[in-house]
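Here is a short tour of a multi-chain model, with a stop at a sheet, a look at domains and a visit to a chain interface. Have the viewer open as you read along.

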Amino acid sequence: MGRRAFKYSKETVVFNIIAYLFTAILAFLCLLPFLLVVSGSITDESSIVLYGYRLIPVKISFDAYKIAFGNPTIILRAYAVTCFVTTVGTFLSLFLSSMAAYALQRKDFVYRNFFAFFFYFTTIFSGGLVPWYILMVKYLHMKDNYLALIIPGLFGVFNMIIIRSFMSSIPDSITESAKIDGASDFRIFIQLILPLSRPVLVTIGLFIALEYWNDWYLSMLFIQKDNMYPLQYFLYKIISKIDFLRNVAARSSNINLSKISLPSESFKLAMTVIATGPIIFLYPHLQKYFIKGIMMGAIKG
Amino acid sequence: MRNLYRKISIVIAVVMTFALFITGCGQSTQQSDQANATTNAVTSSGPSEPSGTPEQPDDGIDTSKYVVLKAYMLGDKQEDHDLVWGEINKGLKEKINATVEVNLIGWGEYEEKYPLVFASGEDFDLIYTASWAKYLDQAIKGAFLALTEDMLKKYANRVYEGVPEAGWKQAKVNGKIYMVPTNNSGNPSYAIFIRGDLREKYGLPEIQSLEDYEKFLEAVSQNEKGIFPYGDNNANNYWLLTTVMLNQPNNWRYIDCGGYDMMHYVYTDPDSKPFFRYDKPEYLEYLKKVAEWKKKGYWSNSSLTEKTDRIAMFSVGKSASAIDHIGKASQIYNDWKNNHPEWKLEIYDSSFGGKLPGGTYLGDGMAIRATSKNPERALMAIDYLTWEKDINDLVRHGIRGRHYDLTPDGKKISLPDASKYTSGYSMWNFDVLPQIESADAHPKYSEINSSQLSRKTSHPLDAFALNTENIKTEYAACSNLFAEYQAILELGFSNDIEKDLNDFITKIYAAGFDKIVKEIERQAAEYIAEYNK
Amino acid sequence: MVLPPTIFFLIFSYLPMAGMVVAFKKYNYTDGLFMSPWCGFENFKFFFIGGKALKVMVNTVAYNLAFIVTGLFVQVTTAIFLSEIGSRYFKKVTQTMMFLPYFLSWVVVGAFIYNIFNYEYGSLNTFLKSINFEPVNVYEEVWLWKYILVACNTWKWAGYGSLIYLAAIIGIDNELYESAEIDGASKFQKIRHITIPMITPQIVVLTLMAIGRIFRGDFGMFYQVTGNNPLLYNATDVIDTYVFRALLELQDFGMASAAGMLQSVLCFIFLIITNAVVRRIDKNYALF
């Protein structure tokens, strides 16, 4: 008991100083470019060309945001599509991936290494874009279909393997005793394992959600109807149009329509802000899941 | 029991795999059969039915079946796109009982998506193509339908008459025509833009020659410390400077070898054969001059990484001159009217009265998909979209009164809603000559442009494009070397010009460049022979 | 329970894998993927005759190894610090900030880097000039770039990666720490003997997966951060950027597929060897 009283020994103080300093510097280095992004997104385009990116804009202009939100119904719809795809995708993917991960780490599953290899192999070898595209579009008819945005992301091998490695630290005794009580694999999984894996599920869930949220590649390949565009792709299309309008090699009688001062660089930055915004507000709320000791307490119970 | 269940599911999965695999194989053979069938169908015609427009001969084409043609064009969707195409399709339905459904492939994704559209075996009828959109490669890979003279005369007669013979010759690949080119071989030359106010400030005369231009650059470099005389950089078309200062005075022009200036020819000499520019003394001279200029600070020391457009730099005042297509002058002119009225934009013909290369008719065009089910109607659509005046006006300019209007002397003014339907997508092959002038052009634009157009020559190799089939490997290996050395040398970043140039030449020959040279020479000779037939 | 992913991968990964044959074919649209004529190893040649094959492969592996090592160090350290730090507020704020780089695309990062290193207007040279130093042309100091690239990579993944280790640390039974405390262990001792061994499974698994990608470079990063500057090609080209430039004008599916297959095969060999070694040490740490 006596030793416990000296909580703040000299060593702890030194450690704490190093820890706080290291983390603070790293965090600051990570924050700085983002501040530049925010400031750049409200800077007038010509001052970016003249002066580069500054933490404090030389000349402020909200043109980039005006263009993005110019038609509020469209961008709100894009947000809605993205939210839908992200939510559905994340829940499905998390559930299915973790189920597979659980099976993979069960020591009594004889083929577990075979399957692990089977899954992992797909990350090393791939047929490339063309065969996959043909499969999706020609045989599965997944063009202009929300499924095309959700399905490809359902099983990330990286995610499955990480979840597996976490679950393997859950003592086998839990599963064994539950089996003795007559529970099915499925029930064990849902009622016992999932609650115990909360930290890793939150982490991987976050990663999956971010993947869905940020994706524009799948939309580019498979979505043509413009009322189905998710957020990133929608913004990406605007930037494409802007870039073209700025650079159009003048043809015949439409020459003066090309505008040089359209916000191109600042728009790229505004895109980042618009897409990241919601996540930044969401993230701190997830942190409560990262409290130490929550898992082991449950086991004792 | 559980193990058995697992084993069965694995077997089912494997069997499914095989099944899909086999049907996959079958599909591709079906496709080539289809392509053959379509080509055969085209040559037969249906029962007679008069068409109606006076220019079209009564040709007995059957338009009784309504057809929806699917077309792919490049660009992003404009706000009024559906509005305008609604009108266009009304007209088309009336005249040829067909409508066109336009699908757009955005500029940002065109490199990925364009080849995919062919590779995935999608069904469509029309697609935009151009020399710079890899027309040659796609034609060879079997993407497009071969258009015979009979077909063209029958279904697209006005187009057939409208494109000059040189255009059809240029469009031939292995003796067959695979696209409908434009009738406008464009202006293949450039203009020098300078800050007229700075020129006056230093008491320099108007620019009449390249030497005068150099004097201007020198004056700016001495006296204006914050402005680059010529903001060159690696981002876009840095070779324009080389074109104006080296190629033009010698009447050299590059041979279209993809994106790299591998060989050149003399366009004023009809017997000129391809030659290698890089070991010529003129080239070395030029490199030395360019290195001098960089040392003097004519452009940034970070030009190799700079991504800003040269025109953008010029228009915000970061540089004092620029070189580009003369069309860009009007953009800048209008921008300065509003933002920098104190700056004067002066434009000069960069060829200073010299002869200019011929230009290509393949800069824009439409092709028909080899597997299209309605090639005849597709050809007719092209014909009407190009030559039926009211339809064509809609395609090119939009709706009169909403997007544009005409002044009494026939010039075009853009109305406030103009940005909702611009030429921002690839309808330029429908933008045939004669073209309407814009009322807001730079005052000197018309004069210089027509002067340049009048000095165009014509050489068989003008539209020649290298077919890289046989030399793919060497080409890929040399690509990297060209990408690495050319920019460094021509932007003046080399510390030892002779050594680097020699290294470059040695390395490309080590990578098989001699094979490429032989191939270019061989193909050029064949092409010229075919062209002159 | 493993049925859903099995079916998924069979359809979406293994089926298209048949398309890998295009690496050995002369592809054209009429014949499609499977009927185009064979051409043996033709499509692979381009990579080897440019004289750069070895350099580029070495670059790729070397950079990836550097990324793995520094990444590991920074991420694990950060995770440990975060788990030990008392102030909840500080943790929340710093964790959120560290996550931000993940959202910045390499295009944006590249633009910022240019903003710093630009010779005439960049922040670095402006600063140097203000303290009477000579401006530096960073884009010509080739040796600097390996450090810049490693720093960029570490910066981007610090927040993301440390999260995984943090989740692992949280899962460690508190009792272990308490009993160590009773035995008089110091902070460093606790970390060395409890924390690190308990997260070793994660470390090994993540490192193995990283090795499985050791011949693949992050194209976006290498292309944008160097600004595609030819002076830096020799020092910073990885297989992906080299192949991109070689095939840019050709757009040849066969050759692109061949390059991808080359990378896959090399990665595979490395991975099998490493995984086998790890298996020997402890069966549970291996990937499979």
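## A sheet, three domains and an interface

Let's begin with one strand pair of this predicted model: in chain B, strand β3 (residues 126-129) and strand β12 (residues 365-368) run antiparallel to each other and are joined over four bridges. One of the residues involved is B:Ile127, whose bridge partner in β12(B) is B:Ala367.

Both strands belong to an open sheet of five strands in chain B, in the order β2-β1-β3-β12-β6, with mixed pairing. Because β2 (98-105) and β6 (180-181) of chain B each have a single partner strand, they stand at the edges, and one side of each is left without a neighbour in the sheet.

Stepping back, chain B is divided into domain 1 (45-186 + 362-397), domain 2 (191-349) and domain 3 (462-531). The centres of domain 2 and domain 3 of chain B, taken over C-alpha atoms, are 24 Å apart. Across their contact, 27 residues of domain 2 of chain B meet 22 residues of domain 3 of chain B. On the domain 2 side, α10 (239-250) and α11 (281-295) of chain B each supply at least two residues, and α11(B) gives the most, with seven residues.

Now for the chains: the contact between chain A and chain C takes 68 residues from chain A and 70 residues from chain C. On the side of chain A that touches chain C, α2(A) gives the most, with 17 residues.

The table shows the residue classes of two of these contact sides.

| Contact side | Nonpolar | Polar | Charged |
|---|---|---|---|
| Chain A, touching chain C | 46 residues | 17 residues | five residues |
| Domain 2 of chain B, touching domain 3 of chain B | 17 residues | four residues | six residues |

Methods:
Residues are numbered from 1 along each chain as its sequence is written. Chains are lettered from A and ligands numbered from 1 in the order in which they are written. This is a predicted model: local features need pLDDT of at least 70, side-chain atom pairs count only at pLDDT 80 or more; totals for chains, interfaces and linings use all residues. Two strands pair if DSSP finds at least two bridges between them. Two residues are in contact if their C-beta atoms, placed from the backbone, lie within 7 Å. Ala, Val, Leu, Ile, Met, Phe, Trp, Tyr, Cys and Pro count as nonpolar, Asp, Glu, Lys and Arg as charged, and the others, Gly among them, as polar. Domain bounds come from an automatic or database domain assignment.
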